[in-house]
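Trainee: I would like to go through this model piece by piece. Could we start with the packing, then the sheet, then the charged pairs?

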Amino acid sequence: MTNSRIAIATMPEQIQRCHLVMRELRPVFQEAEQFVERVLRQQKEGYLLAFLESDGDVCAVAGYRFLESLFSGKFLYVDDLVTRESDRSRGFGGELLDWLIEQAREQGCENLELDSGVQRFDAHRFYFSKRMSISSYHFRIKIEPKE
C-alpha cells in the first residue's frame, strides 16, 4: 500500500475534500456545499467524518458517532463507510474500518455497529471478511408530513 494517513475532517475545506468519495455512497449529495452544510450541522450532534488520504487524494471516508443504548451499551455507530470506486480492493476500506475499531476500543465501547443496505452484496462480503456478523434487522417506516 502507498503512504496513507487517516484524519478527522473538522474544517469546511477538509469536509469538501471528502464530498466526491461520499457521493458514491450518498448520491443525494450532488452539490459539495449541501454536503458540507449537512456535515457541519451533524457535527454539532456528535457526528465525526474521518478520511483516509493516500498520495494527496481522499480514497475512503467514514462518518461515525459514539452512542449508548440499553441494548448495545456504549458503541461506535458507523453512519457511512465508502471507498472510492477506483481504489476498491486496495485495502483502504479495511484500514479505515480497523482504525474505527481502534477508536471504539480507545473510547471504551463494547461494540462497533453499522447498517448496510440489503442490496450492497460487495459491502456485505467485506464486512463478513472483517469478522462482522448480522445481529438484527433494521425496520423503517416513512413518516409523511401532516397536510
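Trainee: Which residues does L96 touch, not counting residues up to four places away in sequence?

Mentor: This is a predicted model, where local features need pLDDT of at least 70, side-chain atom pairs count only at pLDDT 80 or more, and totals for chains, interfaces and linings use all residues. Residues are numbered from 1 along each chain as its sequence is written, and side-chain values use heavy atoms, with hydrogens and water left out. Contact here means heavy atoms within 4.5 Å. On that basis L96 touches I6, A50, L52, A60, V61, A62 and L81.

Trainee: Which element gives the largest share of the largest nonpolar core?

Mentor: A nonpolar core is a set of buried Ala, Val, Leu, Ile, Met, Phe, Trp, Tyr and Cys residues joined through side-chain atoms within 4.5 Å. Buried means under 20% relative accessible area, exposed over 50%, partly exposed in between (1.4 Å probe, protein chains only). The largest core has 20 residues, and those with the most contacts inside it are L76, V78, L81, L96 and L100. Its largest share, six residues, comes from α3.

Trainee: How many residues does the other core have?

Mentor: It lies apart from the largest one. Its members include F29, Y47, V61 and V82. The count is 17 residues.

Trainee: What is the strand order in the open sheet?

Mentor: Helices (H or I, at least four residues) and strands (E, at least two) are DSSP runs, numbered from the N terminus. Two strands pair if DSSP finds at least two bridges between them. The sheet has five strands with mixed pairing. The order is β1-β2-β3-β4-β5.

Trainee: Why is one side of β1 and of β5 left without a neighbour in the sheet?

Mentor: Both strands stand at the edges of the sheet. One side of each is left without a neighbour because each has a single partner strand.

Trainee: How many bridges join β2 to β3?

Mentor: β2 covers residues 48-54, and six of its seven residues are buried. It pairs with β1 in the antiparallel sense over five bridges, with E53 as the partner of R5. On the β3 side, S54 has D57 as its bridge partner. β2 and β3 run antiparallel, and the bridges between them number seven.

Trainee: Which residue in the turn between β2 and β3 has a positive phi?

Mentor: The two strands form a hairpin with two residues between them. The phi in question is about 50°. The residue is D55.

Trainee: At what angle does α3 run to β3?

Mentor: Axes are lines fitted to C-alpha atoms, for helices over the stretch in contact, and angles run from 0 to 180 degrees between N-to-C directions. α3 lies across β1, β2, β3, β4 and β5. Its angle to β3 is about 30°.

Trainee: D87 meets which two arginines in salt bridges?

Mentor: A salt bridge is a side-chain nitrogen of Lys or Arg within 4 Å of a carboxyl oxygen of Asp or Glu. D87 counts as buried, at 3% relative accessibility. One pairing is 2.6 Å, N to O, and another is 2.7 Å. The partners are R84 and R90.

Trainee: How far apart in sequence are the parts that K130 and D98 tie together?

Mentor: Their side chains meet in a salt bridge of 2.8 Å, N to O. K130 lies in the segment after α4 and D98 in helix α3, so the pair ties together parts that are apart in sequence by 32 residues.
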